[in-house]
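Please open the model in your viewer and keep the selection tool at hand. The stops below go from a pair of strands to the core and then out to the surface.

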Amino acid sequence: MILEQFENIRLSRFEIVLQARGEAILPALIGSSLRGAFGHALKAISCSVRHQDCEKCFLSEVCLYPTIFEPTSNSKIKDLPRAFVFEPPIPPFTRQISENQTLKLRVAENGKISFGLTLIGEVTKKLPYFIYAFDLMSQHGLGENRHQFSVSEVFQIGLNAEKSSIYTPGLAKILSFSENNLRDFVEARSIEFGQTKNLKITFQTPLRIRRNRELLEKLNFSEFFKQCSLRLKFLSENYGQRLDYDYQSLMKLAETVECISDKFWKHRVNRRSNRQHKSIEIDGILGEIMFQTADFGSFLPFLLAGELLNIGSASSLGLGKYSIEKV
């Protein structure tokens, strides 16, 4: 049973609360800003050589920075999935907002914003480094104008979305927290569904899937299931234990699932790549789609896992986030 295999994927969820030191105006989607600023801060606290070139460094195999932020392996996969997922605040996107591109995240002086953090596998043990890096990146500033923040509090998010405070600046150490696994979260969520014949999927942040260098602007169920399956495949192989299930049979079954309705639109996302020294367009699609079949039971564990881990490219910075609703 696939759920039993999910036990081998350790997974813990947290919420990071930042307090603004002054008025701040940030992009509506701050995932890219968070990921970039976090990467700089993590390298600052990890790197001990002058040239700071991971490819030339004999410490790279044991250094915290490449292990977390630029993981590599001997496999054919060049860009391994990160063992972390940022969940930035979700803007109230509409087709009109996507077209005019004027929406901003505005934070008043002393105001607070929070973002989710999911850690996978052994990286969960590195939470203190994440918090230390978040504090450093907050001091350096977020966005083009380097708006300064400070880490106000860190919560652990439990199986039923309950929160427990595990860190505030006045503490010398992080309080103990529980380590869960993917099965724990998926089982807790699946209680709401039962035998389900109709599902509505709402994409809350842009979904980015490319075919022949073109953005996929329509989605059927087999493609949706494929993306969830691939996300789990790469994460399990690198941070857990390889999953064993009949993918081909599930794909054939997925092709029989009917799309009742869909409503998608394109949303443009620009990401600044400091490594490539240029702005990169990572467009995606937003909207919702409704599927129908006799029973989603065989697919539900994969779909609920993807709800936690996001799907498509740039998933670690918060793209490809969706919610599932029984209708």
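Select Trp265 and, in strand β15, Leu286, which stands opposite Trp265. This is a predicted model, in which local features need pLDDT of at least 70 and side-chain atom pairs count only at pLDDT 80 or more, whereas totals for chains, interfaces and linings use all residues. Residues are numbered from 1 along each chain as its sequence is written, and side-chain values use heavy atoms, with hydrogens and water left out.

Now extend the selection to strand β12 (residues 258-267), which runs antiparallel to β15 and is joined to β15 by nine bridges; two strands pair if DSSP finds at least two bridges between them. Strands are DSSP runs of E with at least two residues, helices are runs of H or I with at least four residues, and both are numbered from the N terminus. Next add strand β9 (residues 198-207), which is also antiparallel to β15 (residues 284-292) and is joined to β15 by seven bridges. Here Lys200 stands opposite Met290 in β15.

For the interior, select Phe38, Phe130, Phe134, Leu182, Phe221 and Phe224, which touch the most other members of the largest nonpolar core, a set of 86 residues. Such a core consists of buried Ala, Val, Leu, Ile, Met, Phe, Trp, Tyr and Cys residues joined through side-chain atoms within 4.5 Å, where buried means under 20% relative accessible area, exposed over 50% and partly exposed in between (1.4 Å probe, protein chains only). Centre the view on Phe130: leaving aside residues up to four places away in sequence, Phe130 touches Phe38, Ile68, Phe84, Leu117, Leu119 and Val123, a contact being heavy atoms within 4.5 Å. A second, separate core of nine residues includes Leu29, Phe93, Ile97 and Trp265.

From Phe38, widen the selection to helix α2 (residues 31-46), among whose buried residues are Leu34, Phe38, Leu42 and Lys43. Helix α2 has 16 residues and reaches 22 Å from its first C-alpha to its last, close to the 22 Å expected at 1.5 Å a residue, the expected span being 1.5 Å times one less than the number of residues.

Is Thr102 buried or exposed? Thr102, in the loop between α4 (95-100) and β4 (104-107), counts as exposed because its relative accessibility is 53%. Add Ala28, which lies 74 residues from Thr102 along the chain, with 8.6 Å between their C-alpha atoms.

Finally, display the whole protein chain, which has nine helices and 16 strands; of its 327 residues, 50% count as buried.
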